[in-house]
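Visitor: Could you walk me through this one? I'd like to start with the fold and then move on to the side chains.

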Amino acid sequence: MKNKLTDLNNHLFAQLERLNDEGLSGEALQEEIERSKAVTGVSKEVVSNARLVLDAEKHKREYGLTDGPKLLE
């Protein structure tokens, strides 16, 4: 799987569109709200991980390091 942050952005907007569906009500709306909470939680972790990788890369360059964690490759 080769997802990118742009894919995450697309998923978030798609979820927003599903939530904004005025035809949803009752149980279907509640299910979509729960799905949104799950998507939001996972998204926050993906963004946090991306931030960590970016910070590590900045430090690597700042200190002139050539090797780093495999996650950065």
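The questions and answers below go from the helices to the surface and then to the charged pairs.

Guide: A quick word before we start: this is a predicted model, where local features need pLDDT of at least 70, side-chain atom pairs count only at pLDDT 80 or more, and totals for chains, interfaces and linings use all residues. Residues are numbered from 1 along each chain as its sequence is written, and side-chain values use heavy atoms, with hydrogens and water left out.

Visitor: How many helices and strands are there in the protein chain?
Guide: Both are DSSP runs, numbered from the N terminus: helices are H or I with at least four residues, strands are E with at least two. By that rule, the protein chain has 2 helices and 0 strands.

Visitor: Are α1 and α2 roughly parallel or antiparallel to each other?
Guide: Two packed helices are described by the angle between their axes and the distance between the axes. Axes are lines fitted to C-alpha atoms, for helices over the stretch in contact, and angles run from 0 to 180 degrees between N-to-C directions. Here the axes of α1 and α2 come within 11 Å and cross at roughly 160°. Angles under 35 degrees count as roughly parallel, over 145 as roughly antiparallel, 65 to 115 as roughly perpendicular and the rest as oblique, so α1 and α2 are roughly antiparallel.

Visitor: What share of the residues of the protein chain count as buried?
Guide: Buried means under 20% relative accessible area, exposed over 50%, and partly exposed in between (1.4 Å probe, protein chains only). Of the 73 residues of the protein chain, the buried share is 8%.

Visitor: Which residues form the nonpolar patch on the surface?
Guide: Patches take residues with over 30% relative accessible area and no salt bridge, joining like charges within 9 Å and nonpolar side chains (Val, Leu, Ile, Met, Phe, Trp, Tyr) within 5 Å. The largest share of this one, 3 residues, comes from α2, while Leu 5 sits in helix α1 (residues 5-19) and is partly exposed at 49%. Together the members have about 310 Å² of accessible area (Shrake-Rupley method, 1.4 Å probe, with only the protein chains shown counting as cover for residues). They are Leu 5, Val 42, Val 46 and Val 47.

Visitor: How many salt bridges does the structure hold?
Guide: Side chains of opposite charge can pair when their charged atoms come close. The rule used here asks for a side-chain nitrogen of Lys or Arg within 4 Å of a carboxyl oxygen of Asp or Glu. The structure's count is 5.

Visitor: Which residues are linked with Glu 32 in a network of salt bridges?
Guide: Glu 32 and Arg 35 both lie in helix α2 (residues 26-62), 3 residues apart, about one turn of the helix, and their side chains meet at 2.9 Å, N to O. Glu 32 is buried at 8%, whereas Arg 35 is partly exposed at 43%. The residues linked with Glu 32 are Arg 18 and Arg 35.

Visitor: Is Lys 37, the partner of Glu 34, buried or exposed?
Guide: Glu 34 and Lys 37 form a salt bridge, with their closest N and O atoms 3.6 Å apart. Glu 34 is partly exposed at 42%. With a relative accessible area of 53%, Lys 37 is exposed.
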